[in-house]
Amino acid sequence: MRFIIRDNAEAASAHVANYIVDRINHFAPTPAHPFVLGLPTGSSPLGVYKSLVEKYKAGEVSFENVVTFNMDEYIGIPRDHPESYHSFMWKHFFSHVNIHPSNVHILDGNAPNLEAECVQYEAKIQAAGGIDLFLAGMGEDGHIAFNEPGSSLASRTRVKTLAYGTILANSRFFNDDLHKVPKMALTVGVQTVLEAREVVVLAIGARKAIALQRCIEQGVNHMWTLSAVQLHPHSMIVCDEDATLELQVKTVRYFKDIEKAAQAQGFEHILPSKVRTGPATVPTTIVTDEFPASTIHCPQPTTSRLLRATPATEYPVRSRSPSPDLSAPRLQHHLRPDNSVETEYTDGTAAEYTTAAVFSSRSTTPDLIPDRMASRIGDPSLLVRSTPNPERQRSRSPALASSMPMVNGIKA
Ligand SMILES: N[C@@H]1[C@@H](O)[C@H](O)[C@@H](COP(=O)(O)O)O[C@@H]1O
């Protein structure tokens, strides 16, 4: 995962807008091979849309062959309600660029059959060849799209009840009246987002700091659904300084350092060609008997395909020496009466006091043979106890033994 930090919201938004423009232009979309862009609503992407409109007007990018899919839409408010996501998107973006209205896809929160609407939405994404780049914002509770805390990380487009925190946060768009905020929405699932070839997240402001910390520094967790982008091979989170407030200094420094290092090496972001250009053909969904068809279209194994990644095979494997011969002679030490140490092999052969002797050809796979730390000491004088064993002292000096004080009736 890439993590890009910019000084303020404007710089972060500009970074994302430039990135999207570069991606579309590199892709060189055509009517037969359009660039498929996933889009969010909310206050965070406003700067990006403004910048994209400016770039379009400056002739830097065209949306002629861009197909879009929005992440979510409220249920139950009219399509032309000023706070519907339809209104939002046309107001802030679509009506200012040369996108074909037929290329715009936004879930219909007033569809007579909401489940069928979700099923068709997934099918339309598939038919368009999948999403090339999904831009996302983040809720204060770490949600992506409307995948509230506790959403399955394998979820797909569906009806979702909104969390109280989200209703509270979004009430600012409804005259701060909680009752006016829709309580339900249609949303793409976490898995729908993860299947995009690339995911770019924009997090702006201190109110996103806790969620950003959970999603970047902690593990993948359904309570902070945006954390699932950790599993994506081509994900990028862009934020302003305020959003980093809860991160560790070393995390911020690490990501800033790797960005600097990459720039110094002359590259910014290298994507595999499949991600840069998208598939030549529309992918087909394979349904196996193991996962029978459900009411949701394009059923997939409930475990994320990313979670089923093959484990790495290139772990360093310790090369094994010939099978250990446990009957092979081992080193043993005897304390002589003069307190010097005699060392020999268990077969009676004398040993030399060198490390080489211990680990020589006589010693097969040292870590598989019972070993004593003493046998690793090369200098015999170091094997002599500096604090004499009291029992040995007693046996060698009866006078000393008799002078020992009694402790609990026992000679010390
Ligand atoms: N469904 C949207 C999300 O897609 C968006 O990311 C979030 C954050 O909005 P904002 O950027 O206004 O904080 O708001 C809503 O919940």
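Is Asp176 buried or exposed? In this predicted model, Asp176 is exposed, because 10 other C-beta atoms lie within 10 Å, and a residue with 12 or fewer counts as exposed. Asp176 sits in the loop between helix 5 (164–170) and strand 8. Its phi is near 55°, a positive value in a residue other than glycine.

Ala28 also has a positive phi, of about 50°, although it is not a glycine. Ala28 belongs to the loop between helix 1 and strand 2 (35–39). Ala28 counts as exposed because it has 10 C-beta neighbours inside 10 Å. The table sets out these two residues.

| Residue | Phi | Loop | C-beta atoms within 10 Å |
|---|---|---|---|
| Ala28 | about 50° | helix 1 to strand 2 (35–39) | 10 |
| Asp176 | near 55° | helix 5 (164–170) to strand 8 | 10 |

**The protein as a whole**

The protein has 412 residues, and buried residues make up 31% of them. Its secondary structure comprises 12 helices and 14 strands. Among contacts between residues at least 6 apart in sequence, 75% join residues at least 24 apart.

**A sheet of three strands**

Strand 8, which follows the loop of Asp176, is part of an open sheet of three strands. The order in this sheet is 4-8-7, and the pairing is antiparallel. Strand 4 and strand 7 stand at the edges with a single partner strand each, so one side of each has no neighbour in the sheet. On average, and with direction ignored, neighbouring strands of this sheet are turned by 30° against each other. Strands of a sheet pair through backbone hydrogen bonds, in either a parallel or an antiparallel sense.

On one side, strand 8 (residues 184–187) pairs with strand 4 (residues 72–74) over three bridges. Here Glu73 stands opposite Leu186 of strand 8. Strand 8 is also joined to strand 7 (residues 158–161), in this case by four bridges. Within this second pairing, Arg158 has Thr187 of strand 8 as its bridge partner, and Lys160 has Ala185.

A helix lies across part of this sheet. Helix 4 (residues 114–127) lies across strand 7 and strand 8, and runs at about 120° to strand 7.

**The nonpolar core**

In soluble globular proteins, nonpolar side chains tend to be buried together. The largest nonpolar core here has 77 residues, of which Ala136, Val193 and Val201 touch the most other members. Helix 1 (residues 9–27) gives the most to this core, with eight residues. What is Val201 in contact with, leaving aside its neighbours within four places in sequence? Val201 is in contact with Ala136, Met138, Leu226, Val229 and Ile237. Ala136 is thus named twice: it is a contact of Val201, and it is listed with Val201 and Val193 among the core members that touch the most others.

**The ligand**

How many residues surround the ligand? There are 13, and the closest are Pro40, Gly42, Ser43, Ser44 and Gly137. By class, the shell around the ligand consists of five nonpolar, seven polar and one charged residues.

Key
Residues are numbered from 1 along each chain as its sequence is written. This is a predicted model: local features need pLDDT of at least 70, side-chain atom pairs count only at pLDDT 80 or more; totals for chains, interfaces and linings use all residues. Two strands pair if DSSP finds at least two bridges between them. Helices (H or I, at least four residues) and strands (E, at least two) are DSSP runs, numbered from the N terminus. A residue is near a molecule or strand if its C-beta atom, placed from the backbone, lies within 6 Å of it. Ala, Val, Leu, Ile, Met, Phe, Trp, Tyr, Cys and Pro count as nonpolar, Asp, Glu, Lys and Arg as charged, and the others, Gly among them, as polar. Axes are lines fitted to C-alpha atoms, for helices over the stretch in contact, and angles run from 0 to 180 degrees between N-to-C directions. Two residues are in contact if their C-beta atoms, placed from the backbone, lie within 7 Å. A nonpolar core is a set of buried Ala, Val, Leu, Ile, Met, Phe, Trp, Tyr and Cys residues joined through C-beta atoms within 7 Å. A residue is buried if 20 or more other C-beta atoms lie within 10 Å of its own, exposed if 12 or fewer, and partly exposed in between; C-beta atoms are placed from the backbone.
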